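I opened this entry to keep track of what I looked up in one chain. I wanted the overall make-up first, then the backbone at two positions.

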Amino acid sequence: MVDRDDKEEREDSSDVVEAADDVKELSASDESDASPVAVANNAQVRGPKSARQAIEPETPPPPPSRSKAVRHPVVVFMNFVLSVLLLGVIVVAGVLYFGKQSFIEKGPLTQERTILVSRGTGLGTISSILERQNVISNKTVFEYGVKLYRQETALKAGEYLFSPGLSMHQVMNILTSGKSILHSVTIPEGYTSYQVAEVLKDHEILVGDLKEVPAEGSVLPETYKFSRGTSRAEILKRMMNARNRAVNEIWERRAPDLPLANKEEMVALASIVEKETGQASERTRVAGVFINRLNQGMKLQSDPTVIYGVFGGKGKPKGRPIFRSDLDKKTDYNTYHIPGLTPGPIANPGRAALEAVANPSRTNDLFFVADGTGGHVFAETLKQHNLNVKRWREIEKQRIKDLKEQPSE
């Protein structure tokens, strides 16, 4: 019994040793195949480190290997494109900021300057002129600024006055506003159409030619404003349109019992009133005299109609008196011979003369004659009128005598 038990114990012991050897071989094999991380972990598991080992730095794990997708050519190209785009955005933003600051900052002009922009001039030419005249500092910035504000087609021709220190933005606003320097032409009341045409022809700022003299009484005497480059034909058209508007408005407000068939007759009578008196206070009374004569079938007997019949729109030569032969000369306009109104106006009446005829004074006067002071004296009867005429002739006689007695220079 004892021997068998000892033998079994020795066999068991042998089995344990063989198993231990197998474990060692397996451990050695695992250590040779394991990674450094695994080895370090195993070392930690095996047992505590010595003091020397504890103070020594541990070997860090190696960095992970770079993905092959990152090194792909497409990815590299896209990164390059994005970088270029980002750089471009930065550059454009910088340029826009600089341009905006330049566009709104104070300009280089130090004194007022007048610039003429002709019709049909493009943005490039305008900006070059402005830069050359020192109104703006940089024509390129000005051109791009105008384009960014979408005002390229809004620039207007004209003559502009630029003040010192205007920014390019302010210059653009002036050019798009069309508020150019205005010139003027004045047509005096009572001018004939021939005289109106001569005024327009002699004006230094107006351009172009007049093809013909306008019809008598077809323009409204006033002061007209215009910008440099305006043609004579344009101004004449404005005068005619103004006349038509005024005549239409005044005719609508006329007195209801006038012996006038239409507004053209109103213009014809207004032209006679205009030539008879230059005093505003007399216009309605002179108009009243002519209205009374028309109502009674009397001839108007107006000297200005005689002059127009003899000399036409060019007018009587300065200093020439009206002779008896002029009064006796039969013309279509001589109201000493023709009944009623003249066939048309003898001048271009102003608004006040038109208003006077449309709403004349309520008076019984049938006559008037000059009083020697620039005005007239009125009368209801022929007898009273003859006395006034006699007085006037004495005044004229004395005036002529005084002129003859003046020493010649």
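My notes on the whole chain come first, followed by the two positions.

Entry 1, the chain. I am working from a predicted model. I looked up the secondary structure and found 15 helices and six strands. The chain has 409 residues, and 33% of them count as buried. For the surface, I noted about 26,200 Å² exposed by the chain, with carbon and sulfur atoms supplying 53% of that area. I then looked up contacts between residues at least 6 apart in sequence: 62% of these join residues at least 24 apart.

Entry 2, Asn-134. Which sign does phi take at Asn-134? I found it positive, about 65°, although the residue is not a glycine. I placed Asn-134 in the loop between α5, which covers 123–132, and α6, which covers 139–148. Is its side of the chain covered or open? The relative accessible area of Asn-134 is 37%, so I list the residue as partly exposed, the class between under 20% and over 50%.

Entry 3, Arg-150. I looked up phi here too, and the value is near 55°, again positive in a residue other than glycine. Where does Arg-150 lie? I found Arg-150 in the loop between α6 and β2, the strand at 158–162. Is Arg-150 buried or exposed? Its relative accessibility is 76%. The cut-off for exposed is over 50%, so Arg-150 counts as exposed.

Entry 4, recap. I have two non-glycine residues with positive phi on file, Asn-134 and Arg-150. Asn-134 is partly exposed, whereas Arg-150 is exposed.

Key:
Residues are numbered from 1 along each chain as its sequence is written. This is a predicted model: local features need pLDDT of at least 70, side-chain atom pairs count only at pLDDT 80 or more; totals for chains, interfaces and linings use all residues. Side-chain values use heavy atoms; hydrogens and water are left out. Helices (H or I, at least four residues) and strands (E, at least two) are DSSP runs, numbered from the N terminus. Buried means under 20% relative accessible area, exposed over 50%, partly exposed in between (1.4 Å probe, protein chains only). Contact means heavy atoms within 4.5 Å. Accessible areas come from the Shrake-Rupley method with a 1.4 Å probe; for residues, only the protein chains shown count as cover.
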